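Let's walk through a protein chain together, one region at a time. Have the sequence and the 3D view ready, and follow along as each residue comes up.

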Amino acid sequence: MHEVNTSMVRYIAIATSYSTTTLNEADVVAVSNNSITPSAVQLYTYTFDNTVTLTGGTTYYIVFLTSNTPTNGAYPVGAGRVALNHTDYGTYAPGCSYSGGGTWWPYYKATLTSSVSMINVTYNLYESDGTTSVSSETVSQEPSSAVNIPSSLRYDYYYNYTTEGTIGTTDCTIKVTRTLKNANIVNPLTGLNNNKSYYIKTRENKRYELSTYTSGETTYLAAVVKSSLNISAKKFAIINYEGNNYLYSVDDAKFVTYAGVSTEAPLANTVTGTRDRIVFSLTTSPLYEIRFDGSTSKIFNASNSQAYPYGLVFNTWGASSSQWDDGCQYTIEEAEAFDPTAALAALEEFFHPSYTVTYKVKDVSGNVLFTSEPIGTELGANITTLPAEFKRDFCTYNSVDVTISQPSTTVEFTATYSGLPFVLSPSYDEATWYNMSIRGTKYVSKGDSEPYSLGTATIEQKNEDNYRWAFSGNPYALVVYNKASGNGNTLTKDGENAVMRSGSYTWTLCKNNDGFTLKVTGTDNTYVNDVNSTLKFWDNASAAADNGSTFRVEDVVDNYYDFVKAEALPYIFANTEDLAQSEPSETIGKPFGIKQETAAAIVQTYASQLSAQTFTYQEYQDIVSAKDAGIIYPENGKFYVIKNVSNNKYLNVKSAGGIYADVDAPVAGSIVQAIVRDSKTYFATQGLELGWCYTASYAALLDAAGAGKYAHFSITVPGQVAFAHCLGNGEGSNAVYLPYSYYSVNESNQVVGSASTAATAQWIFEEAETFTIPLNGVGGSYYATFCVPFDVTLDDATTAYTLDRGEGTELTMSAITEAVDAGTPVLLVGTSGSATATIGTNYTTTPVSGTALTGTYLEIANFDGAANYVLGKDGDNVGFYHWAGTKLNANRAYIAGSGSGVKGFALNFDDDATAIKDLNDLKDSNGLIFNLAGQRISKMQKGINIMNGKKIVVK
């Protein structure tokens, strides 16, 4: 177990018994398994290959397998400590033998005086930032002992050390932080700078500093002992070029180059190949090895014994142990600023010889648009296309095939303009003028104040010189004129503003979507931009695609015939594409068309212009004004019916909130009367007036007469109009005009509000003349009650009767031989299923009272049929009876309950027309009417009439 290697006499043994001549194996307690230096047998920590248990107060012999005598002190042994007494030195016994093997055992007798339990202390080393870990080591120490950084972690020449933590009675960790004493030392892997020079020194700066020496005509890299010779340290630059490093002597203005393994390193004006680049690798921070990339060997200072002029010339050494040699490890210390221009130029010249190409762009006429600066290139480089940075939007370019063979080459390209948004003018005097907008809605004009304001523009403003712009030059150098500024002035960048100034300022023309941008030439991202509705600049990459930088142009209008054709001629001609063959528009003389005399006057006044299809701006203004003055709006007091364009059905007012467009022909609820008050138009119908309909969720409403909701008209095409209703002070105020309240028809044909003037909100106004009243047939006659707010004249086949009550329960029928007055509730009797009513001129808001009939203009939703009497039949007997229904339709009449208990009123045409008959006594009647000559007549006439065999007197 305790074998001893006689050739490696560097062990220690612990024994319980020993003599100067014999050490028995049985007496050996433990043998250490770590070697010691023979000349340094002193305080040391030993590791044993077995567990050592010592007893206090027992004498043990410490035996060293070495020829040196141990010094006094305390030697750690296992888990305890052995105190040595120098008076107990043993006798050196060269012939001592050990039964386990080995000879030459000096001995030392010691007594175990105390036993101490050791603890593990881990020292963690960090860089100065306190977070970057360097290394770590764990050692055995006495509890509560002093912090003692292991020597393997210390590098006192370069670093100061601080510690955090104390040693207690259990295993612990101590944080050690190191800080470079010399702040100028840099890490060549991360901290080099082309604009700095450096001192390069060998390990611990004890021996050499990097310098150079000259022998004959050649200068070499050298290392100089600071105290020797008459050569001082020199400054070096470490030039990074295209990702590689090159060593450059600042004082000699030359590069250090590679000449092979174990040879001197000469200096040259430039590098001779990629093998001359240098590479750094870390040994022990802040020490780094340096090698040429052409070799795996390190740059190394040769020994003084070699035959170099100073004995200190650097060459390269490839021995495996070179990484530990002081001469291969360097610190790099920042010296002072350095201008690397010349060094970089030399590298550029070697790796990229000075061949240049100049790019020239011409237009198709041979005019030079652009010439680049000479640009470095490679010998033999092949050029086929113009580089992207020299291209411009709105241009296409030819291809070439040029191989670089000369030091200086010019390559020409031809640019063809493609898709320009405007015509390029040769000059101001021969300019093609445009209106120019930004964002598509804000027009650019030369204002009187700067910066120029951007905003909407009328047709009249667009015709002004301030709004007229022209473009000259080319996409590389675009000149922008304004007509009002006159010749010699162009759009110019003046500080923050784009304004007109004298001279020929040029812009770079760029494309953005369907428009173009103006970039300040020579900048990457500065564009003319809409800044708070003024013409300024935005310097940002986003400006290139921003809508606020995008201009669009429109042709300046000199002939306004197209405007006349769009805005005036459709009111006059049926076909505006061929006026010679066109008939008059069918809307002439109709509401929202124009008057016949206006159309004739326009045709006569502008005959020559219409023939030539040429109008000046003023003529256009005049003809539109004449047309507008001749528009036919609803006239005060006239009656109209209104048809919806989308479903071709007429307006039908049934209740205050039930307005529809659901009938194919006008009915009583279709008739509206125009009322003009203070130049505003209101529409009366069913005793009320048309009012608001707020949104698509709200139905159109009727309002009280005189409530003030007047009509706002929006004519889309001649004869068609969208109309809404306003209140109060004007159409333009949100508070008083609801722009989303155009009368529109929904899927149920109900009239609701709309913000759009589409077909569902378009109406055709027709002057109201007649409408149809449906009658219900019983036997040979047809009946209906009827009440409207305007007077009507009925056709010859229909008679209207008023019903009056006499005394008690008597009812008198009186035929109306003339027009039925407005608001009069009547009973209609006819010979067919419908009656035609011709509209009169009078209008009343309230049904007439005082007769047996009560009239209603609007639907009665909660009608009490059990208490009142409505027109009906009992069998074939027509009369007024109680009814189980709960809704009475609009424009009807009924008999209000009398309280007499009468079951009903039958229509009886005998001599006693007022008699009230019991319902069961009523006889059949066919309702035919004859005069005294026996001739059948269609309606009651003055005098004696015969109906159902009975005489009826009409007064």
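Two residues are in contact when heavy atoms of theirs lie within 4.5 Å. With that in hand, look up serine 585, and remember that you are viewing a predicted model. Serine 585 sits in the loop that runs between helix H3 (561–567) and helix H4 (596–605). Which residues is serine 585 in contact with, leaving aside its neighbours within four places in sequence? They are Pro570, Tyr571, Ile572, Phe573 and Ala574. Is serine 585 buried or exposed? Its relative accessible area is 10%, so serine 585 is buried, because buried means under 20%.

Now zoom out to the whole chain. DSSP runs give six helices and 74 strands. Of the 955 residues, 45% count as buried. The chain exposes about 44,700 Å², and carbon and sulfur atoms supply 45% of that area. Take the contacts with a separation of 6 or more: 58% of them are between residues 24 or more positions apart.

Next, turn to the inside. The largest nonpolar core has 26 residues. Those that touch the most other members are Leu651, Ile659, Phe683, Phe723, Tyr743, Trp763 and Phe765. Several strands each supply at least two residues of this core, among them strand E47 (650–655), strand E48 (658–663), strand E54 (720–727) and strand E57 (763–767). Apart from this core lies another, of 25 residues, which includes Phe394, Val444, Val499 and Phe551.

Leucine 651 is a good residue to pause on. Leaving aside its neighbours within four places in sequence, leucine 651 is in contact with several residues, including Ile642, Tyr660, Val672 and Val751. Its contacts also include Ile659 and Trp763, two residues that you have just met in the list of core members with the most partners.

From the core, move to a pair of strands. Strand E14 (residues 196–202) and strand E25 (residues 330–337) run antiparallel and are joined by six bridges. One of the pairings is between lysine 201 and threonine 331, its bridge partner in E25. Why can E14 be called largely enclosed by the rest of the structure? Five of its seven residues are buried, so that is how E14 earns the description.

Charged side chains link these strands as well. Glutamate 334 and lysine 196 form a salt bridge, with 3.5 Å from N to O. Glutamate 334 belongs to E25 and lysine 196 to E14, so find both on the strands you were just viewing; the two are 138 residues apart, and the pair links distant parts of the chain. Glutamate 334 has 28% relative accessibility and counts as partly exposed. Lysine 196, with a relative accessible area of 27%, is partly exposed too.

How many salt bridges does the count come to? The total is 27. Another one brings together aspartate 293 and arginine 291, whose closest N and O atoms are 3.7 Å apart. Both partners are partly exposed: aspartate 293 has a relative accessible area of 30%, and arginine 291 has 27%. These two also belong to a network of salt bridges that links Arg277, Arg291 and Asp293. Elsewhere, arginine 501 forms a salt bridge with aspartate 494, and here the closest N and O atoms are 2.9 Å apart. Arginine 501 is partly exposed at 27%, and aspartate 494 is partly exposed at 36%.

Let's finish on the outside. Tyr694, Tyr698 and Leu701 form a nonpolar patch on the surface, with about 280 Å² of accessible area together. Leucine 701 lies in the loop between strand E51 (688–690) and strand E52 (702–703). With 34% relative accessibility, leucine 701 counts as partly exposed.

One more loop completes the tour. Glycine 897 is found between strand E69 (892–895) and strand E70 (904–906), and is partly exposed with a relative accessible area of 39%. Leaving aside its neighbours within four places in sequence, glycine 897 is in contact with Ala867, Asn868 and Tyr869. Tyrosine 881 is 16 residues away from glycine 897 along the chain, and their C-alpha atoms are separated by 10.0 Å.

Technical notes: Residues are numbered from 1 along each chain as its sequence is written. This is a predicted model: local features need pLDDT of at least 70, side-chain atom pairs count only at pLDDT 80 or more; totals for chains, interfaces and linings use all residues. Side-chain values use heavy atoms; hydrogens and water are left out. A salt bridge is a side-chain nitrogen of Lys or Arg within 4 Å of a carboxyl oxygen of Asp or Glu. Helices (H or I, at least four residues) and strands (E, at least two) are DSSP runs, numbered from the N terminus. Buried means under 20% relative accessible area, exposed over 50%, partly exposed in between (1.4 Å probe, protein chains only). Two strands pair if DSSP finds at least two bridges between them. Patches are made of residues with over 30% relative accessible area and no salt bridge: like charges are joined within 9 Å, nonpolar side chains (Val, Leu, Ile, Met, Phe, Trp, Tyr) within 5 Å. Accessible areas come from the Shrake-Rupley method with a 1.4 Å probe; for residues, only the protein chains shown count as cover. A nonpolar core is a set of buried Ala, Val, Leu, Ile, Met, Phe, Trp, Tyr and Cys residues joined through side-chain atoms within 4.5 Å.
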